[in-house]
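Trainee: I would like to learn how to read a model of protein chains with DNA. Could you take me through it step by step?

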Protein chains: 2
Amino acid sequence: MGTSPVFPADCPSRTVLEVLANKWALYVLAALRNRPCRFNELRRILQGVTQKMLSQTLRALERDGLIRREVYPTAPLRVEYSLTDLGVGAGKLTSAIGDWSKQHAREILAARGEYDQRADAAPHPVQSVGRYQA
Amino acid sequence: MGTSPVFPADCPSRTVLEVLANKWALYVLAALRNRPCRFNELRRILQGVTQKMLSQTLRALERDGLIRREVYPTAPLRVEYSLTDLGVGAGKLTSAIGDWSKQHAREILAARGEYDQRADAAPHPVQSVGRYQA
DNA sequence: CTGGATCCGAGACGATACTG
DNA sequence: CAGTATCGTCTCGGATCCAG
């Protein structure tokens with residue numbers, strides 16, 4: 001099984017995974033874990049997202065049954081997004097990734113810096129097997 | 001705190017997260033959890049990836065210190081990719097997402113089907129001008 | 001306030017050819 | 001085998017305007 005496909009191309013889980021493999025989807029799920037949110041609320045919480053991407057992301061997540069969209073026909077109209085049971089499960093996982101990212105951001109950024117530096121100083125392809133640990 | 005940003009825009013963890021928020025990165029990490037792999041080996045295992053995207057993904061992951069690239073200057077040349085300690089940690093998380101996807105693929109696909117059907121039969125909201133994937 | 005529609009540039013991505 | 005280089009396509013994503 002070592003050489004068999006990890007996720008066969010025709011595997012339905014791929015299409016699922018590809019919805020999650022999106023930074024805004026990750027952020028949305030993380031944000032909604034706290035509590036239901038309205039559209040512009042999410043926009044503020046997810047700094048940097050454009051209306052279009054947020055809209056797209058929300059629709060995609062709703063389509064897959066991860067979030068629920070509820071419209072309250074009140075005066076200025078009110079739309080609230082919240083996690084479904086399915087979304088709660090997904091949110092745990094995506095939040096775990098977020099936590100991990102925060103936790104290891106420093107070392108990863110350091111590795112990134114080293115790599116870039118090494119790349120600069122290597123006009124010829126780097127091919128030493130031993131990692132020359134600076 | 002409910003309204004505060006989940007991942008502030010200037011937060012370094014965003015750049016980390018965005019490397020993981022990529023389907024091929026997820027697949028690569030999942031694949032390498034089993035054992036180290038060579039380039040074309042990965043290509044076969046990750047069905048559907050082009051050499052370009054695989055190459056890009058591997059370099060990005062290497063840059064962030066999640067995978068290690070070792071070159072053995074043997075006869076037909078041999079390059080092996082493996083997880084670093086950091087990559088092992090990340091792999092656990094991404095595999096968890098993969099497992100979850102497989103586990104819930106059925107219900108998600110069902111939700112997707114319902115949603116699309118509903119969308120078809122809903123001339124109410126707005127004129128049926130645009131729906132992705134016509 | 002919640003979002004859809006549209007235009008547009010930048011980058012993703014695929015296919016092919018070529019190098020070591 | 002393990003890539004890089006180049007090119008063309010196409011989708012992503014941002015900005016703006018507009019409607020319910």
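Mentor: Gladly! Keep in mind that this is a predicted model. Let's begin with a side chain that touches DNA: a polar side-chain atom of B:Tyr81 lies 2.5 Å from a phosphate oxygen of DNA strand D.

Trainee: Which elements give two or more residues to the surface near DNA strand D?

Mentor: They come from both chains: α4 (51-63) of chain A, together with α3 (39-45), α4 (51-63) and β3 (78-83) of chain B. In total, 15 residues surround DNA strand D, and the closest are A:Lys52, B:Arg38, B:Ser55, B:Arg69 and B:Tyr81.

Trainee: How much of the strand's contact is through sugar and phosphate?

Mentor: Sugar and phosphate make up 73% of the DNA strand D atoms that come within 4 Å of the protein. A:Thr50 fits that description, with a polar side-chain atom 3.0 Å from a phosphate oxygen of DNA strand D. For a base contact, look at A:Lys52: an N or O atom in its side chain is 2.5 Å from a base oxygen of DNA strand D. By class, the surface near this strand has six nonpolar, four polar and five charged residues.

Trainee: And how many residues surround DNA strand C?

Mentor: There are 17, the closest being A:Asn40, A:Ser55, A:Arg69, A:Tyr81 and B:Lys52. Here 65% of the strand's atoms within 4 Å of the protein belong to sugar or phosphate, and the rest to bases. Three side chains of chain A are good places to look at phosphate oxygens of DNA strand C: A:Ser55 has a polar atom at 2.4 Å, A:Arg69 has one at 2.2 Å, and A:Tyr81 has an N or O atom at 2.5 Å. The elements giving two or more residues to this surface are α3 (39-45), α4 and β3 of chain A, plus α4 of chain B. With four residues, α4(A) gives the most.

Trainee: How should I think about the relation between chains A and B?

Mentor: In general, two copies of a chain are related by a rotation about an axis and a shift along it. In this case, a turn of 180° and a shift of 0.0 Å along the axis lay chain B on chain A with an RMSD of 0.1 Å. That is the relation of a two-fold axis. To find the axis from chain B, go to B:Ala21, whose C-alpha is the nearest to the axis in that chain, 2.3 Å from it.

Trainee: Why can we say that the copies meet through the same surface?

Mentor: Because 92% of the interface residues of chain B are also interface residues in chain A. Try A:Trp100 as an example of contacts across the chains: its partners beyond four places in sequence include B:Val16, B:Leu20, B:Leu66 and B:Leu93.

Trainee: Which residues have the most contacts inside the largest nonpolar core?

Mentor: Those are A:Leu42, A:Leu46, A:Trp100, B:Leu42, B:Leu46 and B:Trp100, in a core of 74 residues.

Trainee: Is helix α2 (residues 23-34) of chain B mostly covered or exposed?

Mentor: Mostly covered, as nine of its 12 residues are buried. Among them are B:Trp24, B:Tyr27 and B:Leu29. At the helix start, a side-chain oxygen of B:Asn22 reaches to within 2.6 Å of the backbone nitrogen of B:Trp24.

Trainee: What about backbone angles?

Mentor: Look at A:Leu77, which has a positive phi of about 65° although it is not a glycine. A:Leu77 lies in the loop between β2 (67-72) and β3 (78-83) of chain A, and counts as partly exposed at 45% relative accessibility.

Methods: Residues are numbered from 1 along each chain as its sequence is written. Chains are lettered from A and ligands numbered from 1 in the order in which they are written. This is a predicted model: local features need pLDDT of at least 70, side-chain atom pairs count only at pLDDT 80 or more; totals for chains, interfaces and linings use all residues. Side-chain values use heavy atoms; hydrogens and water are left out. A residue is near a molecule or strand if one of its heavy atoms lies within 4 Å of it. A polar contact is a pair of N or O atoms within 3.5 Å; within protein, one must be able to donate a hydrogen and the other to accept it, and residues adjacent in sequence count only if both atoms are side-chain atoms. Ala, Val, Leu, Ile, Met, Phe, Trp, Tyr, Cys and Pro count as nonpolar, Asp, Glu, Lys and Arg as charged, and the others, Gly among them, as polar. Copies are superposed by least squares on the C-alpha atoms of residues with pLDDT of at least 70 in both. Contact means heavy atoms within 4.5 Å. A nonpolar core is a set of buried Ala, Val, Leu, Ile, Met, Phe, Trp, Tyr and Cys residues joined through side-chain atoms within 4.5 Å. Buried means under 20% relative accessible area, exposed over 50%, partly exposed in between (1.4 Å probe, protein chains only).
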